[in-house]
Structures are given as structure tokens and as C-alpha cells.
Amino acid sequence: MVKATCACVGDNICETSLVGLMMEAGTLHTLAGKLGLSSPSTLRKAEELIRLLAVQGGSRLSLSMSGKTVICLEMAASLTGASLDKNLAMKLSGLKRPQYVGMSQTVSRLLNVSPRVSVTDLCITHSATAATDLACHILKQYESSIGMRRKDVDVSLPVYQTAAVNAACKVMKISVDKRRLFESSCSKRTVYQQLVDAMTKIAQEIHQHKTVKGGTKRTRTLMDMVEENLRDCSPKKRSREESNEDEDGEVDKEADFEAWKKKILESAAAATAAE
């Protein structure tokens, strides 16, 4: 009698698990279709993440089946190079933006999975391509400076890539949605902000160095152009072209020209010093 009861209970558990798996698969394909995800590799990765989340304690999260599925679909899309509308994903998950971001970070830590984020992609997404070079230089300099003290820093992680873009845009005065940038970092606010502050100092040094170099070159070129124009306007050169001018007039013109030349050079030097 006891054995029969146990067998009956076991059958019920198996049946419940099977029904649950079928419901998850149905939810997955329905939501994937709404998000425009049809790649078999993306769907397989999402199924894998959903199963792994169940093993890692995902049932303890206050997430509906739709919420878990959408978050896993977004991660799978990122890992396989597919694109989706994040605003639509949040809507389908049934979560508000702060909740969605927080739960995504929690799921990411549980699964030990970080979505692929790069400086180039972030700059394109946020219409800040002008900051790409500076952000890349920031990352290289940060890696070289921090590498002297720590060997476990991986600047390819989203938090470093995102902080570098934020710092570059701040120094170059490029307007971006800082909240959306932070959401791409997959990190805690305090950690992210510390990195942004450190990288902003590096960005300021790099940007200032470039500005000084560019300013020096421009000043020298300006003075050269003034000198060249003055030589072109020289009375000696004009006298060769205008042979009918008398000698006394030439002397007077040259004296006037020297005074004018001195005044122009002093004005140019004062202007460049002011810059």
C-alpha cells in the first residue's frame, strides 16, 4: 500500500515537472516571437539559461515565468549577437525599469554570465561615436595603471566598458542618457560610480594633453602665416614689380612698412598668448 502511494506521488511529481517544462517552452517561444528572436542558437541558449537558473535557485526570486523568460532571452540575445528592443522586453516582463534592471543583474550573478558590451557598440547605441577613440585610450591607460597593483582586472567586462564611455562623453561634453549607460554596466551603482570618477580623471589628462599639443601647433602656424603675408607685402618685392617708383618714395614706404609690420607682429603675439 505504501509502495503504491509512493509510486503515485512520484508519477504526480513527474507529470507536474513535465507540464512545467511544456509551459516554459511555450512561454519562451511566444515571447521570443514578440521580441523578434527566431535564431535557433539564441533560443537554445535561452533554454539553457532558464534550466540553469532553476538549478541555481531561480525559484526563490520574486519573478514570474514571463519575467524570468524575458531576462534569459535578453541575455541569450546578447551572448549570441542578436538584437532586441529592450523597452519592449521590459514591458513583456511585467516589471518596471528599476525592478527589471535589478533582477537582470541578480540573474546575471546567479548564472555567472556577463552580456557582451563594447565601447564601440555603446558609442553607436548612444550616438556618441566621437567619444570612441578617447574611451578606448582611457581603457588602455586604466588597464596599464591598475595592472601594476592588481592582476585580476578584466577591462572587457561591461562595467569598465560603460564607465570609459561615460567618462569620455563627460569630458567631451557629449550628451548621453546616463541612466541607460549605467543599466548596461551590470554592476552596483557605487562600484560603477567609483570607476567613472577614476576614468574621468584619466580622460581629462588625455584630453588636456591633446588640446595643448593642438594649441601649440596652431599658434606656430598662425605666426608663420603672418610672417609669410608680411614678406609678400614687402615694399622691396613690390618695387621689383613697380619699377617706376622713385627712390625717395621707396625709402619712406619701407619705413612705414617696418612700423606697420612691428605693430602686426605684436598684435599676433598678444592674441596667441591670450589663447
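Biologist: How much space lies in the second largest pocket?

Modeller: This is a predicted model, so local features need pLDDT of at least 70 and side-chain atom pairs 80 or more, while totals for chains, interfaces and linings use all residues. Residues count from 1 along each chain as its sequence is written, and side-chain values use heavy atoms, leaving out hydrogens and water. A pocket is an open set of points on a 1 Å grid over the protein atoms alone, where a 1.4 Å probe fits, with protein on both sides within 12 Å along at least five of seven lines. Filling the second largest pocket with probe spheres set on its points, joined across faces, edges and corners, gives about 290 Å³.

Biologist: Which residues lie closest to the centre of the second largest pocket?

Modeller: Its lining (residues with an atom within 4 Å of a point) holds 14 residues. The closest to the centre are Arg 109, Ser 114, Ser 185, Cys 186 and Ser 187.

Biologist: And which residues lie nearest the centre of the largest pocket?

Modeller: That pocket has about 920 Å³ of space, and 30 residues line it. Nearest its centre are Glu 74, Ser 78, Lys 86, Val 117 and Ser 184.

Biologist: How far is the sulfur of Cys 169 from the closest cysteine sulfur?

Modeller: Cys 169 is buried (under 20% relative accessible area with a 1.4 Å probe, protein chains only), at 1%. A disulfide needs two cysteine sulfurs within 2.5 Å, and the whole structure has zero. The sulfur of Cys 169 is too far from that of Cys 123 for a bond, because the distance is 5.8 Å.

Technical notes
Buried < 20%, exposed > 50% of the residue type's maximum accessible area, 1.4 Å probe, protein only.
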